[in-house]
Amino acid sequence: MSEAWNIRFGTAGTSDSFAAQGYKSSLDVPEYTAKMGLNAFEYQCGRGVRLGLDKAARMAALAAQQDILFSVHAPYYISMSSLEEDKRLNSIQYLLQSAAVCRALGGRRIIFHSGSCGKQSREAALEKALDTMRRAVAALDEAGFGDMTLCPETMGKIGQLGTLDEVLTLCGVDSRITPCIDFGHLNARTLGGIRTKADYAAILDRMAEVLGDDRARQFHVHFSRIEYSAGGEKRHWTFADTQFGPEPQPLMELLAQRQLTPVVICESAGTQAEDAQTMQQMYRAARNA
């Protein structure tokens, strides 16, 4: 990656304030994002890749004027660990579709959920996911998308594939694969395991230990407060809903102190841009402390 890689803050999709301010089209996303003082945007393809490449290219041109970096969240129905081979192979096609849109948007990162364990052991599910990941990397290379970065995400439900170590294992398939660390998900699946600055530090330390390269400094972040039950993740909330964790402040302090430069994407429920601004302010205050 470029030495000029800097930390960025942005949103997954648009806040409620996007429409409230009179914006209507995805072509307005770059202007809105810049107006909110942010410089990253994760385009959501969770329910399918439906953004046309021509429109994506127009969005990219507008975003380039504002120094806004796009990423793409691939369809939610990807299942790299499915017991059904056709579902695993279809997952590769969804990643290829996402890569085409991501490139048109001028982005590099494709974030995705690996799938669930289902009726198999975690070990068996991970082995299937590793095989699918190897095939996906080969398919991306063959299709001319070797410059794209796959980002497997840590997941919030206990039955899903996506513990920190499982994601880091998937990243071992290829040096281009970069983790998407969703701290709200990790807090939910550990039933409130992220309470202190030391808890965050342990996650960052583990990434550095396993990856040992720029991916541990320039990783991808999802952040929101998430309600959980015995099975893990239940619902996303906003920063105003302080009864739910985790707390963003300790993480922003660590990112500043360690001079880490991830792309930080806020996934709050309807206040993504406003809460991303809050994290950005926390980070800047910590840098200036």
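User: How many salt bridges does the chain come to by the rule used here?
Analyst: The count is 16 salt bridges. Keep in mind that this is a predicted model.

User: What makes Asp147 and Arg103 a salt bridge?
Analyst: The cut-off is a nitrogen of Lys or Arg within 4 Å of a carboxyl oxygen of Asp or Glu. For Asp147 and Arg103 the N to O distance is 2.6 Å, so the pair fits the definition. The two sit in distant parts of the chain, 44 residues apart: Asp147 is in the loop between helix H5 and strand E5, and Arg103 is in helix H4.

User: Are those two buried, partly exposed or exposed, and how do you know that?
Analyst: Partly exposed runs between the buried limit, under 20%, and the exposed limit, over 50%. Asp147 has 37% relative accessibility, so it counts as partly exposed. Arg103 has 36%, so Arg103 is partly exposed too.

User: Why is the pair Asp131 and Arg135 said to be separated by about one helical turn?
Analyst: Because they are four residues apart in helix H5. Their side chains meet in a salt bridge, at 3.1 Å from N to O. Asp131, at 28% relative accessibility, counts as partly exposed, and so does Arg135, at 36%. Glu85 comes into the picture as well: Glu85, Asp131 and Arg135 are linked in a network of salt bridges.

User: Why is Arg225 called buried?
Analyst: Buried means under 20% relative accessible area, and Arg225 has 3% relative accessibility, so the word applies. Arg225 forms a salt bridge with Glu247, with the closest N and O atoms 2.9 Å apart. Here, too, distant parts of the chain are linked: Glu247 lies in the loop between strand E9 and helix H9, Arg225 in the loop between strands E7 and E8, 22 residues apart. Glu247 has 39% relative accessibility, so Glu247 counts as partly exposed.

User: Stepping back, how do you know that the radius of gyration agrees with a compact globule?
Analyst: With 289 residues, a compact globule would have a radius of gyration near 19 Å, and the chain has 18 Å, so the two agree. The C-alpha atoms fill a box of roughly 45 × 45 × 35 Å along the principal axes. Of the 289 residues, 57% count as buried.

User: What is the chain built from, and what share of its contacts join residues at least 24 apart?
Analyst: The chain has ten helices and ten strands. Among contacts between residues at least 6 apart in sequence, 77% join residues at least 24 apart.

Key. Residues are numbered from 1 along each chain as its sequence is written. This is a predicted model: local features need pLDDT of at least 70, side-chain atom pairs count only at pLDDT 80 or more; totals for chains, interfaces and linings use all residues. Side-chain values use heavy atoms; hydrogens and water are left out. The radius of gyration is taken over C-alpha atoms; the globule rule is 2.2 Å times the number of residues to the power 0.38. Buried means under 20% relative accessible area, exposed over 50%, partly exposed in between (1.4 Å probe, protein chains only). Contact means heavy atoms within 4.5 Å.
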